[in-house]
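Welcome, and please open the model in your viewer. We will go from selection to selection, with a short note at each stop on what is there.

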Amino acid sequence: MLSLLGKQFTDIWQVALNHVEAMECFEETMVTIMDKMAVSAFYASIYEGVELQTAMGDTDKLHKVLHMALPELYAAIIVFSIKARQYFDTRWVRKAINMLKPFAIEFQSFIDDINRKEKIVQECTDMAIVKRLRGSTKNITEIKNLLNSMREYMKLLLRLNDTSDSLIENVKVPKEIFKYNLDVKDKQLLQLLSTLEPFKRHADIRSIRFENTGTWLLELECFHKWCDLQGSERILCCYAIPGAGKTLISSLVIDHLCSQVTKQTSSRTSVVCLYADYRDQKNQTLIHILGSFIHQFLTSASLLHIPDQVIKTLKDVKTQNTKVDIEDILFMLILIVEQLDNLFFCIDALDELELQTRRDLLDILSYMQFRTKTTRLFFTGRPDIQSEVRTYFEIPKEQEVEFIANENDIRQFLRHKIAEDRSVNPDVMNEVLENEILSALIARSKGMFLLPTLHIAMVMEQTTISKRRKALTTLPTELNDTFRVAIKQIEQSRGYAELGMKVLLWLHLAYRPLKLEELQHALAVEKDDVQFEVDNIPSRKTILDCCLGLVLIDEETMTVRFAHYSLEEYFRLHTSTYFPDGYSDAAETCLLYLTFPEIRDHCKSSDELDKKICGFPFLEYAACNWGTYAKLQSNETIMKLAFRLPGDGNECPSAPLQVLFASITDHWELKCQQRVALLFSGIHVGAFFGLDEFTKCYCEMGQADLHDDSGRSPLSWAAGRGHEAVVRLLLERNDVDVNAKDNHDTTVMGS
């Protein structure tokens, strides 16, 4: 049904929903409006006075009503924003917040108008859903019941049109999980479902989990009840403080299910998993998560065959060159679930999912349990999400396990680390010191794996038995104090200080998980370089050694990450202390890398561009994120570098601009051996990132209304990204056509 709406209305609906949902909290409403809306009275006036009619009984009018209702809803939101801005002077924001009631009284009519128009859109959506599903499913009663059950999260079907720009890769998973012999073409279709690769993460966790770690859980009665396919307990939740080993427990449970439960039954039983990751929230969207589940179901040995309707849906998506939407995902999920006798959903670190994604996922899983009595759920998370999970499920108290790190598990881990050290430095370890280390570190563990992990690294850093023994007596007892001491050691380390802090900066400020090669190239950049110095790339071992156990590398995915989410939380509280110029440093590094001649030069074919991306692995990340860093923190050096970036005059874009354009438009088709005029210029980049001064300079060059290869203008990019200052700048000019259409016949309203 999203196809009925048209892509041009997706972002409008997103903006509308964001603000309608925020009405319950006045302060949140104002912040959201100020941050995310490109305010212009022009937009509101376009649809002023349009009369809406529901006409729900006449399905022939559905399309027309919907196309009237969506822009009218958008206009109502903009009118509210404009009026609210007039009501508040920023000097009086705090005073206004303290006068919440007068605001509510004055603006209640606007809120009612928004809610009324939202209801019309909702009704149209429901009708569209029924109409679409009626055409593809014989059991209409079942579909209507499904819609009723899904009422609470029906808005998802419009709101969650995925916009991820990641390239889809093959999912490589353990042989004991995925044995299904798929046709090559079918495998290619399945790649459309999701970019997530949970079993790669699972393989990494399993590789560092020691034998018998966490087996105490498998012996609990609540675990046996949950695993019993004939039993009535269908949910098990494990809660623990940060660093207690929840992820290790998750990997153990998944392995147990795959090796024991699924093999001990003749029924069709399937296990799917997700390792939530705070670093990857942009990619771990609802569509990608559910798509990953579907992919795991389809490639499991338990599924007899892939439903024809699933293949047809994916072929349609591929043929139309679009992305799988939430409606397709839910439709396929229901078809697949009906073929399985038992389903296990295992989700680790539930608290690390983005809030709305987590709520939507729990909503859908609660529906799955309602629909199929054989759906079993396993969650891990911090204790503070326990009450949230309870709002979606009725959970017997005995099926909620709160745990701390097991002492035997900690002792086994420490003995392994000591043995590793002894094999390298036998002269600085003896049996007495080993026992002292075990006793001291276990006593200070406070129920965590994380503290002993950091503490053992601090002790082993010392070069004599005496110094190691002394280090044992000065170890910090609190987690944050341990982070502080470890970082101080990095800052004071000879030769490693600068590199170590650079590694921590990039992991903290990165907008997605960085691959090892990406990080290595970023670290190799020096401010005085005029070309990329291959000989300056730090080795993998050097990167790990200089961070004293605070950083890990996942072997399967080759991504670099903090040892624990708690370290990221610590840096969020102390960013200004450790990285006062962090954003500008990141922007400058990206721009220096991008303006090296061998990287910056224009590519004449897609093959040439692909080779350059492979040869310079930091290119894609730097091209897509330098502007976001610069918008947060800039200086004169950054602006000078930015103006060197676009290319040779106006004739052809530089490779970084080509990469950015390919990423944000989801396609790249270079005309081989041709110079493509004004494909993607500096002003488009400025508008995309919301760099108002950068954009203003290009406007003064007469480029305010240039259209790129997709037909989009700077105004279109700025409005679509919600950059209000740039939108205002462009609207104030006389040389900008606000009604111009792009190659898909979309105007600025649909950006």
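Start by selecting Arg201, which counts as buried at 19% relative accessibility. In this predicted model, the cut-off for buried is under 20% relative accessible area, so Arg201 qualifies. Now add Asp554 to the selection: it is buried as well, with a relative accessible area of 4%. Asp554 and Arg201 form a salt bridge, and their closest N and O atoms are 3.3 Å apart. Because Arg201 sits in helix α11 (residues 198-208) and Asp554 in the loop between β7 and β8, the pair ties together parts that are 353 residues apart in sequence. Bring in Arg561 too, since a network of salt bridges links Arg201, Asp554 and Arg561.

**The antiparallel sheet**

Stay here and colour β6, β7 and β8. In what order do these strands form their open sheet? The order is β6-β8-β7, with antiparallel pairing. β6 (514-515) and β7 (551-553) stand at the edges; each has a single partner strand, so one side of each is left without a neighbour in the sheet. Strand β8 (residues 559-562) is joined to β6 by two bridges. To see a bridge pair, pick Leu514, whose partner in β8 is Val560. Next, show helix α25 (residues 497-509), which lies across β6, β7 and β8 and runs at about 95° to β8.

**A buried phenylalanine**

Move to helix α24 (residues 479-492) and select Phe483. Is this side chain's residue, Phe483, buried or exposed? Phe483 is buried, with a relative accessible area of 1%. Show what surrounds Phe483: beyond its neighbours within four places in sequence, Phe483 is in contact with Leu450, Leu454, Leu550, Ser566, Leu567 and Tyr570. For a distance label, take the C-alpha atoms of Phe483 and Leu550, which are 8.3 Å apart although 67 residues separate the two along the chain.

**The parallel sheet**

Now select β1 (residues 235-239). Five of its five residues are buried, so β1 is largely enclosed by the rest of the structure. Turn the view to compare its faces: Ile235, Cys237 and Tyr239 lie on one side, Leu236 and Cys238 on the other, and all are buried.

Which strands does β1 pair with? One is β4 (residues 375-381), which runs parallel to β1 and is joined to it by five bridges; in β4, Phe378 is the bridge partner of Leu236. Another is β5 (residues 400-402), paired with β1 in the parallel sense over three bridges. There, Glu400 is the bridge partner of Cys237.

Zoom out to take in the open sheet of five strands, in the order β2-β3-β4-β1-β5, with parallel pairing. The edges belong to β2 (269-275) and β5, each with a single partner strand, so one side of each is left without a neighbour in the sheet. From one strand to the next, the twist averages 10°. Strand β3 (residues 342-348) runs parallel to β4 and is joined to it by five bridges. Leu343, for example, has Thr375 as its bridge partner in β4. Add helix α18 (residues 355-371), which packs on the sheet and touches β1, β3 and β4; its direction makes about 150° with that of β4.

**Two more salt bridges**

With helix α18 still in view, select Arg358 and Glu388, whose side chains meet in a salt bridge (2.9 Å, N to O). This pair links distant parts of the chain, with Glu388 in helix α19 (residues 386-390) and Arg358 in helix α18, 30 residues apart. Glu388 and Arg358 are both buried.

For the other pair, go to Lys417 and Glu420, which form a salt bridge with their closest N and O atoms 3.5 Å apart. These two are three residues apart in helix α20 (residues 407-424), so about one helical turn separates them. Lys417 is partly exposed at 30% relative accessible area, and Glu420 is partly exposed at 37%. The structure's salt bridges come to 28.

**Cysteines, then the whole chain**

Select Cys227, which is buried with a relative accessible area of 12%. The structure holds zero disulfides; the cysteine sulfur nearest to that of Cys227 belongs to Cys346, 8.9 Å away.

Finally, display the whole protein chain, with its 39 helices and ten strands. Of its 751 residues, 56% are buried.

How values were computed. Residues are numbered from 1 along each chain as its sequence is written. This is a predicted model: local features need pLDDT of at least 70, side-chain atom pairs count only at pLDDT 80 or more; totals for chains, interfaces and linings use all residues. Side-chain values use heavy atoms; hydrogens and water are left out. A disulfide is a pair of cysteine sulfur atoms within 2.5 Å. Buried means under 20% relative accessible area, exposed over 50%, partly exposed in between (1.4 Å probe, protein chains only). Two strands pair if DSSP finds at least two bridges between them. Helices (H or I, at least four residues) and strands (E, at least two) are DSSP runs, numbered from the N terminus. Contact means heavy atoms within 4.5 Å. Axes are lines fitted to C-alpha atoms, for helices over the stretch in contact, and angles run from 0 to 180 degrees between N-to-C directions. A salt bridge is a side-chain nitrogen of Lys or Arg within 4 Å of a carboxyl oxygen of Asp or Glu.
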